[in-house]
Amino acid sequence: MPTLDDLKLSLRLDGDADDELLKGYLNTAESYIKQAIGTELDSFYEDASVVDLFNTAVLALASAYYNYRSSLVPTTAISVNLPVDSIIGQLRGLYDLKMEAITDGQSN
């Protein structure tokens, strides 16, 4: 999982005034993404083919949480989760393949 320093670098933030808020956003983003994909295979998120996609999605979603903190804005809302949605779709496919492999291995 990305660290607080990774998120601050991504957001180009110095200082520690928002550190607790950022930690919460990281944890929330990780939880959201894992629940959107699947939670039965914890090792899935450590797989070399998944780590970069997962970390990118967590950083993108946590950054969106930080940058768009207010739900009341006088402008048209634009989805900030387009990259996250795309990555979640890719990860779901990989997760399903991994689950199929495990299921097929158990049925043989």
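This is a short tour of a predicted model, stop by stop, with a selection to make at each one.

**Stop 1: the whole chain**

Colour the protein chain by confidence. The chain averages a pLDDT of 88, and 88% of the residues score at least 70. Confidence is highest in α1, at 96, and lowest in α4, at a mean of 88. As a general caution, where pLDDT is low, the predicted coordinates should not be read in detail.

**Stop 2: the loop after α1**

Select residue 12. Arginine 12 sits in the loop that joins α1 (4-11) to α2. Its phi is positive, about 60 degrees, although arginine 12 is not a glycine. Is arginine 12 buried or exposed? With a relative accessible area of 76%, arginine 12 is exposed, because the cut-off for exposed is over 50%.

**Stop 3: helix α2**

Select residues 19-37, which make up helix α2. At 1.5 Å a residue, these 19 residues should span 27 Å, and the end C-alpha atoms are indeed 27 Å apart, so the two values agree.

Now show the side chains. Which residues of α2 are buried? They are Asp19, Leu22, Tyr25, Leu26, Ala29, Glu30, Ile33 and Ile37. Look down the axis of α2: the buried residues fall within an arc of 130 degrees, so they line one face of the helix. The general background is that an α-helix has 3.6 residues a turn, so residues three or four places apart point the same way. Turn to the other side of α2 to find Glu20 and Gln35, which are exposed.

Next, pick out aspartate 19, which lies in helix α2. Aspartate 19 has a relative accessible area of 15% and is therefore buried, since buried means under 20%. Not counting residues up to four places away in sequence, aspartate 19 touches Leu4 and Lys8.

Then move just past α2 to glycine 38, which takes a positive phi of about 155 degrees.

**Stop 4: the nonpolar core**

Select Leu7, Ile33, Ile37, Phe44, Phe54 and Leu91. These are the residues with the most contacts inside the largest nonpolar core, which has 25 residues. Which elements give two or more residues to this core? They are α1, α2, α3 (51-67) and α4. The element that gives the most is α3, with seven residues. In soluble globular proteins, nonpolar side chains tend to be buried together.

Centre the view on leucine 7. Leaving aside neighbours within four places in sequence, leucine 7 is in contact with Leu22, Leu26, Leu59, Ala62 and Ser63.

**Stop 5: helix α4**

Select residues 82-107, which form helix α4, and find isoleucine 87 there. At 11% relative accessibility, isoleucine 87 counts as buried, because that value is under 20%. What does isoleucine 87 contact, leaving aside its neighbours within four places in sequence? The contacts are Leu53, Thr56 and Ala57. Draw a distance between the C-alpha atoms of isoleucine 87 and alanine 57: the two residues are 6.3 Å apart in space but 30 residues apart in sequence.

Last, select aspartate 96, which is also in helix α4. Aspartate 96 is partly exposed, with a relative accessible area of 46%. A second C-alpha distance, from aspartate 96 to isoleucine 37, reads 8.8 Å, across a separation of 59 residues in sequence. Isoleucine 37 is one of the buried residues of α2, and it also appears among the residues with the most contacts inside the largest nonpolar core.

Note on methods
Residues are numbered from 1 along each chain as its sequence is written. This is a predicted model: local features need pLDDT of at least 70, side-chain atom pairs count only at pLDDT 80 or more; totals for chains, interfaces and linings use all residues. Side-chain values use heavy atoms; hydrogens and water are left out. Helices (H or I, at least four residues) and strands (E, at least two) are DSSP runs, numbered from the N terminus. Buried means under 20% relative accessible area, exposed over 50%, partly exposed in between (1.4 Å probe, protein chains only). Contact means heavy atoms within 4.5 Å. The expected span of a helix is 1.5 Å times one less than its number of residues. The arc is that of the directions from the helix axis to the C-beta atoms. A nonpolar core is a set of buried Ala, Val, Leu, Ile, Met, Phe, Trp, Tyr and Cys residues joined through side-chain atoms within 4.5 Å. pLDDT is the predictor's confidence in each residue, from 0 to 100.
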